[in-house]
Each structure stands twice: as structure tokens, then as C-alpha cells.
Amino acid sequence: MRYFLQRIAFYLFTLWAAITLNFFIPRLVPGDPVQSLIAKFRGQLSTEAINSLYVLFGLDDDKSLWTQYIDYWKQLFQGDLGLSFTFFPSPVSQIIADALPWTVLLVGITTVISFLIGTSLGVLAGWRRGSWTDGLLPVTTFFSSVPYFWLGIIAIFLLTGPDSFFPSSGGFDSALIPAWDQYFIPSALQHSLLPALTILISSVSGWILSMRNMMVTVASEDYITVAHAKGLSERRVAVSYAARNALLPNISGFALSLGFIVGGTLLVEIVFSYPGLGFILLQALGAKDYPLMQGIFLVITISVLVANLLADVAYLLLDPRTRKEG
Amino acid sequence: MEPVLEIRNLNVEYGLGDRAVRAVRDVNLTLHRGEVLGLAGESGSGKSTLAYGLTRLLAPPGVITGGEVIYHPEKGDAYDVLGLSDKALRAFRWAETAIVFQGAMNSLNPVHKISTQLTDVLRAHEPKMSEHSRNARAREMLKLVGISPDRMDAYPHQLSGGMRQRVMIGMALILQPQVVIMDEPTTALDVVMQRQILGQLIELRERLGFSVIFITHDLSLLVEFSNRIAIMYGGRIVEEAPAATIYRDALHPYSRGLLGSFPALRGPRRELTGIPGSPPDLAGMPSGCSFHPRCPQAFEPCAPHIPVLGRPGTPDGAARSVACWLHPTEQPVG
């Protein structure tokens, strides 16, 4: 328990450091977000409007950096991430809240499915080493080294078109209004199929490879021979002795990959113009939309930290050796 | 004495075809009921392979290429272990022959509790047993090997090396097997712990009446703890005799070399001698007697002809056998 509290303290510190960096980096970058907003309105802003924009963004000159920093924290605790320039005057928190479910559902579900399929196939391939399953290995090596956005481009090129079932871009039919009804949900599912498949194909191979290799390593451990010698059934040895132990590194890999759900599949969303967080981030980068970028980075940071914490907890639960006494 | 396990012409190879390495060659060995049979030899002499072969635990590419392992159960007819179906083999394992492996440290699965690893044997072999009696039996085994039963819920990393090996011995005895194979059971332990554990095992053997095949390269331990000793070299058994006979009057030059390479605790000081040269390459075995290139007493027949294991012409020849041209035999074994 003490170990666990130590970990939490460590993560809180990391979070503080990340948020602080998140605050300072945009302010160290030369240029001024208000200037880019003025450019966007093609100079049709009065001096008063410009001044109030500076105040609004917390960039008014008479405030010191320290006061700005304190204000930034105050706003954070109120869930106020500022206003976006690109989608002016929507608040950043609103934009993120709209985009986040798309990413989490698409990438989250595919990551879980990919982990489950990949790990089970890896267990099988590792346990039946030397059988036909070894023939899968070159294929998985190939797919795990293919970047998934490239696979996405190929998929769009080959599978989409005017008559195709698969739409080439977007998260739903643009004629529909987002709602939980019988028109919108099938459309959203249809739009998510191709991006989901590309992520699945390119990420499942990694799980297969790592699980298979761990299985092969564990299969030569003495306790596996002992388990065979004990006359346990093949299934029990494979599951409870070999796979149980081989799973450990994969579990922490899985927890970490959960952290990258939010930020890691940016390119797939860009390729498919999928209305998730990655796509929004691309737009924010293009428009030098600092508040939005900061907000998205904050979400990514938090999810990576939470995933790390999850990995720690999972390891504590699964591997008794990591539990400290007392 | 009644035999419990008879190994007949056992051959084990690693790999297939022309490049196969013959690790065990034409081994004939009989284990009698209630005895401790020691198996000694240098690393690579085939002693562990023999143990894995007779329980069919060889990891690929190890293959049994010939021979029989006849097991005599306490009741019922004898059968060939090598001919058992997978299901019958699973039932045979641990219930009839249990193994205590070398490397006490890694024989227990680090993620399962001691209790789980003790009781899953019972769950596999005696499915009708209740959970309560399984736990009671596991606790009893721990007590038998001198570990407090409240360590049932401990994980392997919470036990010392000696305790872990004692847990393994307790686990080996949990189904009351007829034969316990000990493959270098105490190599990873310090000498004090070695003697403690072996002493305890011999005491348990007297109480429970199982037979032991005790594999080690430490001949001094064998002389002390076993009834008979078989010496292996290059995959073959080169000499087999009662422990005291080997100690006092070994016939094979290799056995004598092994005996000369450890100090006696009592008696006059003597010069320690090693065996010159190194163990043979199993892939390119010398012709004839495989020990002849290192043998101080080699003469004409040694290089071209393989000596057969058989009764020597000495007065105590009936109780021992040797494969050496210095002691040509009239009665081959096997």
C-alpha cells in the first residue's frame, strides 16, 4: 500500500510538471495567438476588440508570468481550458468533449480487440511452436512493421469509391445529425469499419509477436517441465503455467497502449478525416490555436499517466514478486 | 530383489538424421524396489538425458530412438512406459514416478502460491478429492519435509532456496510414487543444506519405501547416500556396482579418475588427481571405448572395439558390471 501511495505521489508530481511545461512552452514560442486571430478576421477588428481578446486569452501585458500561471491553474480547476481560435468562440473543453468519444470509441475498442485476438493467437503460436502457425510469423512481422496510416491510405485507395460500401472519410454521413438513433449509429459504425480494420491489422501483429516470443521463452522454464512431469493436462500447463507467466509483459504493454489511444492514432484520423482528437489537433496545429493544443496535450498527458498507473496496478495484482512486504 | 524400473537398451538422440547427437547409448539399468541408485558422470555424460528420457519429458529435438522402460507397479502387470498413450502417460507421471529437478530456484512457478502448486497435482490425479482434503494433504506434505504448514500461502520468492527444494520434495511425494528421480537436487544449495535435505530424503525413503534414482556429478554424495552406483561416460554406463565396492575397488579407469578427484574427509592425506583431457564431443565420439583417448591404461583393443557392459571375472563379479577391455566379460548385461 505504501508503495502504491508512493507511485501516486510520483504521478501527481509528473502531472504538475507536464502541466507547467504545457503552460510555458506556448508562451516561449515567438508570435502571438491574437495576431493570428486578427489575420483570420482580416483586420476587421477594432482596437478595443483586440484589447479585450488579449484579456480574454490572459495575454494582457500588465500581468506577470507568475500571475498568469496562477490564473491558469485556477481556470484548470474550474475545467476552463480557454477559448479556441479555430472554432472561435467555442470553449476548448467543449471541442475536446465532442471529439474525445470518437477517438476513444474507435481506437479504444480496436485496441482492446486487437490485444485480445493478438494475445490469444500469440499463446497458440508460441505453444504450438514448430507447427503450421510458424508460417504466420513472416506475415505478422510484415504487418507489424507497416505504418498504419500507410495501410489506411492503401485501404482508401483500394476499397473506397463512389460505389463502395466503405466511406473514405468522416465519422458519419454528413446528412445526419449526431444522435443515438437507428440512422446515426449504423452510419457511424460503417464509417468506423475501415479505420478500425487498419488499426487492428497493423497492431494485432505486434501483440502476436510479443506474446509468441514470451511463450517460447517461458516454455523452456523449469517450472513448465515440472508442470508436465506432474501429469497436469496440456491445457492446464499451457494456460495456468505458460500463458499466465508470459502474459505479464504484454499486460503492461497493453496498459501503456491504452494511454496512447488518445494521441497515438493521430495519423489514422487524419488519413480518414475522422472527427476525433487527432484530427482536431491537426487543425489546431495549422491555425496555431494554442489553447486548443494545450487542452489536447493536457488530455493526452493525463491519459498516458493514468495508463501508467493502471500498468502499475495490473502488475501488482498479477505478479506477486512486485508486491513489497508490509 | 524385485525390480521396479527396468531400462533396456535405451537410446536417446538430439536432432534427426545424420547430424543427430546420440546422448544416451544402449543403456541397461535396473532399479530395485526400495533402493537408492546413484547415477554419476561428468557434465554431458547423458545422465540427465537418461532421466528425462525414461519419463518421456525430453524437450525437442530430443527423441527416444529405441529401447524399453519397463515399470512394475505395486499391483498389476508390468508395462512399457515408452508405449503409453498420452492419457495413460499423464496418469503415470507423478503418481508412479516423480522428479525433483536440478535448479531448485526455478522449479516453482513464481506467480502461483505454494498451496496452488501442491494441490494442482491432486486436482489432476485425484479429481474426486475434496478441496478440504486436498489442502490437508498439502499441509501434511509440508510438515513431512519440515516446513511450517502456515507457509502454504507463501509465494516461491518468499522462501529460501533450501525451503523451495524441500517444497519440491514434498510435492514429489504427495501422490506416494514408487520411484523418485532426483536430478542434481542439491546443486544450487550450500553443502550444509545439501546434507540436511539428502539426509531427510533418505529418512523419508525408509519410512515411505519408494525407490530413488539419484543423479549427480558429486560422487562423494553418492557414495554416502546410495546403495548402488552407476557411472556414465559418453552416453553409456561404464560401470555399475554397490556403492561401497565402487568406493573401495572401482574397476573402470574412469570411475577411478572420478573417485580420485575429490578429497576424502578422513584417512591419510593424498594427492588429488583429475582426469586429463575433456569430456568427449557427443557429435564426434571416439571409436571403440569412448574413454580411450583420456585413459591412462588404454591398450590395443580399446580404440577399435567397443567394450560391452558385463560381469567381470573378479571374485565379487556377480554383483557388479563393467565395460572395459581390462576386465573382459563372459556375461554381458541386457
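These are my notebook entries on a predicted model with chains A and B.

**Entry: chain A overall**

I began with the secondary structure of chain A and counted 13 helices and zero strands. Read along the sequence, the pattern is therefore nothing but a run of helices, α-α-α-α-α-α-α-α-α-α-α-α-α. I then looked up the extent of the C-alpha trace of chain A, which spans about 85 × 65 × 35 Å along its principal axes. Of the 326 residues in this chain, 35% count as buried. I also looked at how far apart in sequence the contacting residues of chain A are. Among contacts with a separation of 6 or more, 73% are accounted for by residues 24 or more positions apart.

**Entry: chain B overall**

For chain B I noted nine helices and 13 strands. Its radius of gyration is 21 Å, and the globule rule gives 20 Å for 334 residues, so chain B is as compact as a globular protein of that length. The C-alpha atoms of chain B fill a box of roughly 65 × 50 × 40 Å along the principal axes. I recorded 42% of the 334 residues of chain B as buried. For contacts in chain B between residues at least 6 apart in sequence, I found that 62% join residues at least 24 apart.

**Entry: where the chains touch**

How many residues of chain B are in contact with chain A? I noted 23 residues of chain B, in contact with 19 residues of chain A. On the chain B side, the elements that give two or more residues are α2 (86-92) and α3 (114-125). The largest share of that side comes from α3(B), with four residues.

**Entry: nonpolar core**

I looked up the largest nonpolar core and found 151 residues in it. The residues with the most contacts inside this core are I296(A), I213(B), F214(B), I231(B) and V238(B). Helix α5 (residues 92-127) of chain A gives the most to the core, with 12 residues.

I picked F214(B) for a further look. Leaving out residues up to four places away in sequence, F214(B) touches V36(B), L37(B), G38(B) and L39(B), and also M182(B), L222(B), F225(B) and S226(B).

**Entry: helices packed on α8(A)**

I took two helix pairs in chain A that involve α8(A), beginning with α7(A). Helix α7 (residues 148-159) and helix α8 (residues 184-219) of chain A pack at an angle of about 135°, and their axes are 9 Å apart. The angle makes α7(A) oblique to α8(A), because it falls neither over 145 degrees nor within 65 to 115. I noted the crossing of these two helices as right-handed. From α7(A) the contact is made by Y148(A), L151(A), G152(A), A155(A) and L159(A). From α8(A) the residues are L194(A), P195(A), T198(A), I199(A), I201(A) and S202(A).

The second pair is α6(A) with α8(A). The axes of helix α6 (residues 136-145) of chain A and α8(A) come within 7 Å and cross at roughly 125°. That makes α6(A) oblique to α8(A). I recorded this crossing as left-handed. T140(A), T141(A), F143(A) and S144(A) of α6(A) meet I201(A), S202(A), S205(A), G206(A), I208(A) and L209(A) of α8(A). I note that I201(A) and S202(A) of α8(A) are listed in the contact with α7(A) and also in the contact with α6(A).

**Entry: α12(A) and the loop before it**

I listed the buried residues of helix α12 (residues 277-286) of chain A: L277(A), G278(A), F279(A), I280(A), L281(A) and A284(A). After α12(A) comes K288(A), with a positive phi near 50°.

The loop between α11 (266-271) and α12 of chain A holds S273(A). S273(A) is not a glycine, yet I found its phi to be positive, about 45°. Is S273(A) buried, exposed or partly exposed? It has 16 C-beta neighbours inside 10 Å and therefore counts as partly exposed.

**Entry: a positive phi in chain B**

I also checked R56(B), another non-glycine residue, and found a positive phi of about 55°. R56(B) lies in the loop between α1 (47-54) and β4 (62-71) of chain B. R56(B) has 18 C-beta neighbours inside 10 Å, so I put it down as partly exposed; buried would need 20 or more.

Technical notes:
Residues numbered from 1 in each chain as written. Chains lettered and ligands numbered in written order. Predicted model: local features only at pLDDT ≥ 70, side-chain atom pairs only at ≥ 80, totals over all residues. Rg over C-alpha atoms; globule rule 2.2 N^0.38 Å. Buried ≥ 20, exposed ≤ 12 C-beta atoms within 10 Å, placed from the backbone. Contact = placed C-beta atoms within 7 Å. Core = buried A, V, L, I, M, F, W, Y, C linked by C-beta atoms within 7 Å. Axes fitted to C-alpha atoms, helices over the stretch in contact; angles between N-to-C directions. Parallel < 35°, antiparallel > 145°, perpendicular 65-115°, else oblique. Left-handed = near helix turned anticlockwise from the far one by under 90°.
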